[in-house]
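Here are some short exercises to try with the model open beside you. Have a go at each task before reading its solution.

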Amino acid sequence: IREQVNKLVPIPLPKLIEGKGAISQTAQVLTELGGVKPLIVTDAMLVKLGIAKHLTDALDAANIAYSLFDEVTPDPTLPLIANGWQRYKQDGCDSVIALGGGSPMDCAKAIAAAAVKNVDARKLVGLLRVRKALPPFIAIPTTAGTGSEATVVAVVTDPEKKQKFTIVDPSLVPAVAIVDPLLMLGLPAKITAETGIDALTHAVESYIGCYATEQTKAYGYDAVKRIFANLPKAYADGSDIEARRQMSIASFNAGVAFTRASIGYVHAIAHQMGGYYHVPHGLANAVLLPHILDFSFENALCRYAELAIAAGLANSEDSQVEAAHKFVAGVKALNKTLNIQAGFPELKANDIPELAKRAVREAYCDYPVPKLMNRAQCEA
Ligand code: NAD
């Protein structure tokens, strides 16, 4: 059924321009897409670190005027997106370049969607509310990561409700993803670890869910393979360009997989931790992933066994059960290597019932999980 749905609502693949120094091609790509004056959507840290300068230098060299919106903060809010849209209109922009992690990329998607629909992004929350091509849109990720450069999703936060929502539409897939590992060399080890496990979570949840197809499994398998081989290297030595490059490809591939096959309880709970306490998304996923793997063990055993082989943790001599156990143990060991914390110090006992209610509802509506969780199990 999922394959049929995918045919009815086809999800495009962004054109991928990948490799060291790929960002220098941005001006040419923008011109080919028909963009004349882009809004650059990024955050102040990337400007301060000189990462945004690679992009502005490339545009300056081609005499392309731009407007710089560098106000994005982690987990972009609806009012922030409204400000960005205002800037887009005021400065007469006709295209958008997102530079950053998931937060600038999602903020940029929501600004572009608001611009093309001429409504506040709040009205676009939900499924298939955009249904119109975005203005020329280029995504340049600086974390590896969310995979937002390949997905149909923009995650937006409503600060009043302390809740994350999604805008989901195939038109949110960027026209072009420019994936340049040189932009990621200075990513601090902690963010490298957390965002890397975010990509792993996308690969795993899409692989074990009931919407997985041969195509999404191939992308997820590839991502798991690259992440186990390269995330510890990128964490230990941020200047390891090849490890960074492999992680950036893994993140893209995991994005391609999960945007077609969806996610599961790790994300359903992580979104509540982000909405309520601003726990960084990757960290929330990293803390939760081992627990959800344990929870779904019997129902996802065969898929875990396959992923154990992808991760290089098991071989064809192992029984399925042995291999599946090795996969879960391997994820836990990876968390340890990356010094991922064990729990959430900010979690308040009084909040747990509401958080569990929201997480179970989010998953029940949207996620093809291998095993359903009730509220009491989630609270535990
Ligand atoms: P982020 O974009 O919030 O960035 C985290 C921090 O890392 C920021 O302080 C940023 O300045 C810094 N940073 C980014 N790149 C850097 C670099 N190269 N060098 C140094 N510092 C750098 O983090 P994220 O994890 O990439 O994105 C998280 C957001 O993405 C969440 O809101 C999450 O819900 C969303 N998300 C979206 C999708 C999607 O498909 N749209 C998927 C998963 C997550």
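The exercises below move from domains to ligand, then to strands and a single residue.

Two notes before you start. Residue numbers begin at 1 in each chain and follow the sequence as written. The model is predicted, so local features need pLDDT of at least 70 and side-chain atom pairs count only at pLDDT 80 or more, while totals for chains, interfaces and linings use all residues.

**Exercise 1. Find the domains, and describe the side of domain 1 that touches domain 2.**

Step 1: Mark the bounds. Domain 1 covers 2-184 and domain 2 covers 189-379; such bounds come from an automatic or database domain assignment.

Step 2: Count the residues at the contact. Domain 1 brings 32 residues and domain 2 brings 30 residues, where contact means that C-beta atoms, placed from the backbone, lie within 7 Å.

Step 3: List the elements. On the domain 1 side, two or more residues each come from helix H1 (2-8), strand S1 (15-18), strand S7 (153-158), S8 and S9. H1 gives the most, with 3 residues. Helices (H or I, at least four residues) and strands (E, at least two) are DSSP runs numbered from the N terminus.

Step 4: Sort by character. This side holds 13 nonpolar, 11 polar and 8 charged residues. Here Ala, Val, Leu, Ile, Met, Phe, Trp, Tyr, Cys and Pro count as nonpolar, Asp, Glu, Lys and Arg as charged, and the others, Gly among them, as polar.

**Exercise 2. Work out where the ligand lies relative to the domains.**

Step 1: Start with the shell. Of the 33 residues around the ligand, Met-45, Gly-101, Gly-102, Ser-103 and Thr-146 come nearest; a residue is near if its C-beta atom, placed from the backbone, lies within 6 Å of the molecule.

Step 2: Add the elements. At least two residues each are supplied by helix H3 (44-48), helix H6 (102-117), S7, helix H7 (189-208) and helix H11 (281-295). H6 has the largest share, 4 residues.

Step 3: Conclude. Both domain 1 and domain 2 give residues to this shell, so the ligand lies between them.

**Exercise 3. Identify the strands that pair with S2, and the residues that stand opposite Leu-39 and Ile-40.**

Step 1: Find the pairings. S2 pairs in the parallel sense with strand S4 (residues 95-100) over 4 bridges, and in the parallel sense with strand S3 (residues 67-69) over 3 bridges. Strands pair if DSSP finds at least two bridges between them.

Step 2: Match the residues. Leu-39 faces Val-96 in S4, and Ile-40 faces Leu-68 in S3.

Step 3: Check the side chains. Pro-38 and Ile-40 point one way from S2, Leu-39 and Val-41 the other way, and all are buried. A residue is buried if 20 or more other C-beta atoms lie within 10 Å of its own, exposed if 12 or fewer, and partly exposed in between, with C-beta atoms placed from the backbone.

**Exercise 4. Is Ala-175 buried or exposed?**

Step 1: Locate the residue. Ala-175 is in the loop between strand S8 (163-168) and strand S9 (176-179).

Step 2: Apply the count. Ala-175 has 21 other C-beta atoms within 10 Å, so this residue is buried.

Step 3: Name the partners. Beyond its neighbours within four places in sequence, Ala-175 contacts Pro-14, Lys-15, Leu-33, Pro-136, Phe-137 and Ile-138.

Technical notes:
Contact = placed C-beta atoms within 7 Å.
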